[in-house]
Amino acid sequence: MDKTTLAYWQKKAAALAIEGRAFIDGEYRAAESGRTFDCVSPIDGKGLAQVADCSDADVNTAVSAARRAFDASVWSGLNPRQRKAKLLKWAALMREHLDELALLETLDAGKPIGDTTSVDVPGAAYCVEWFAEAIDKVGGEVVPADHHLVGLVTREPLGVVAAVVPWNFPILMASWKFGPALAAGNSVVLKPSEKSPLSAIRVAQLALEAGIPAGVFNVVPGGGEAGKLLALHRDVDCLAFTGSTNVGKLIMQYAGQSNLKRVWLELGGKSPNIVLPDCPDIDRAAKTAAGAIFYNMGEMCTAGSRLLVHRDIKDVFLDRLIDAARGYIPGNPLDPDTSMGAIVDQLQLDRVLAYIEAGRAEAKLLHGGSRVQQDSGGFYIEPTVFDVSQHDAKIAREEIFGPVLSVITFDSIDEAVKIANDSDYGLAAAVWTSNLTTAHEVARRLRAGTVWVNCYDEGGDMNFPFGGYRQSGNGRDKSLHALEKYTELKSTLVRLR
Ligand code: NAD
């Protein structure tokens, strides 16, 4: 059958066997309490599966299994080359199961199948491959020391790493944690979002199939309570979190209340996309600006949700932007032609619609603004654009995490930089200009972890560290710097005489 048709994916979806149990110590297990929660598809609002609702007993069992595996050195004790081989096998299995995993992501999170097959699942496999390939090449240091000493600086795995992740890129965000954490030799307990737990549960089985020993990689589905239990757990050495800034603040407190575990936070954003009057290609910039906010239904931590346009080019830019926005038509995510899928659930739909209502009161609606496709039973919102006169309006200040763009007008570079930096967040930013000096100067002044010049959201490869300034978090995912999150530095001084 033809993979480019809706019928193909609908047939595959109907035949899919979905596993909803936790994966602990190398096997699937129901929650000890017997409790489950409904996993609902945002495509049509229908139930997909019952998923184990893990609580303290399950979290404790998973952490104990992870600790046992670590202490027994079944993983950390392997030669890095051996870990690499097993991780590469795991990534190969993910690629072999591409359709199945992509389908789980699409059904669970409402993401277009064209994206889950080309970005999410291959991206997760690539992340595992990248860290697998890196781990037998990075070494320690022999450092200058007194003549009678040999000084070594080595990196060692932390032990048990817990990863708590969101729903917008379920398997990809998880892989940015488990890829480097496992490569470095740690054991991992992953808690996927309750809104999108299915792909994590499936890849855990594939990890075992690839030869990653039981207990080294565990998955405990559940709500915020399960995440909190991990963050408070005294036998967890590190909590790697991706999610909202509010929960990130709680996670830091939980670490302080328990064992001062290392806490790494990848949090929200309200990223500015600045278009200067000497923008080299207004058409491309407008198309890119639309993609920056409407791709993945705006459920992007890096969403270019604040578009700062110079007054001189505003009218022409907005015409082209709205033309580009018209190309994002919410539709069935199982249809390979769909570029905009469903909002993840009713709660998020209501949240985004509430922001749109707030926007109607404080700004001028230029495009969209409504829920659509209601007959499907699913959760769809059209691309929405507001012209905002006050840059500190609610919709221009708070992270919406939906397809809602605030356009802000400015008159000078200094004003643009000031507005761009006037935010609690600092995850990403972009500037469009033909002047090389301006590009570098503005990039330096922007307080953000990633700055794009004349592009947006580029750099899908693993070489760029990813993370934020200010309340967008700390530490960095991706790149060799990510290994710093999952290792301790040890100084060993050997006296020769
Ligand atoms: P969220 O903070 O509500 O949830 C994230 C995870 O934390 C989920 O697994 C959830 O169950 C868990 N959780 C909830 N309450 C908890 C608690 N009290 N203790 C421990 N865990 C708890 O975020 P979300 O709605 O799933 O995701 C959207 C957010 O994620 C946005 O703010 C977005 O910007 C951010 N995000 C950031 C990045 C990044 O790399 N910076 C990437 C993707 C998403």
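## Elements around the ligand

Helices, of at least four residues, and strands, of at least two, are DSSP runs numbered from the N terminus. In this predicted model, helix H8 (224-232), strand E10 (238-242) and helix H9 (245-257) each contribute at least two residues to the shell around the ligand. The largest contribution comes from H9, which supplies 4 residues.

## Position of the ligand

The ligand occupies the largest pocket. Residues of the surrounding shell come from both domain 1 (7-267) and domain 2 (272-461), and the ligand therefore lies between these two domains.

## Composition of the shell

There are 30 residues around the ligand, and those that come nearest are Val-165, Glu-194, Ser-244, Leu-267 and Glu-399. By residue class, the shell consists of 16 nonpolar, 9 polar and 5 charged residues.

## Polar contacts and cover

Which parts of Val-165 and Lys-191 lie 2.8 Å and 2.9 Å, respectively, from an oxygen atom of the ligand? For Val-165, it is a backbone N or O atom, at 2.8 Å. For Lys-191, it is a polar side-chain atom, at 2.9 Å. Gly-243 also takes part through its backbone, with an N or O atom 3.3 Å from an oxygen atom of the ligand.

On its own, the ligand has 850 Å² of accessible area, and the protein covers 90% of this area.

Definitions and conventions
Residues numbered from 1 in each chain as written. Predicted model: local features only at pLDDT ≥ 70, side-chain atom pairs only at ≥ 80, totals over all residues. Heavy atoms only, no water. Near = heavy atom within 4 Å. Polar contact = N/O pair within 3.5 Å; in protein donor to acceptor, adjacent residues only side chain to side chain. Areas by Shrake-Rupley, 256 points an atom, 1.4 Å probe, with all protein chains shown as cover. 1 Å grid on protein atoms, 1.4 Å probe; cavity = no way out; pocket = protein on both sides within 12 Å on 5 of 7 lines; lining within 4 Å. Sits in = over half its atoms within 2 Å of the grid points. Nonpolar A, V, L, I, M, F, W, Y, C, P; charged D, E, K, R; others polar. Domains from an automatic or database assignment.
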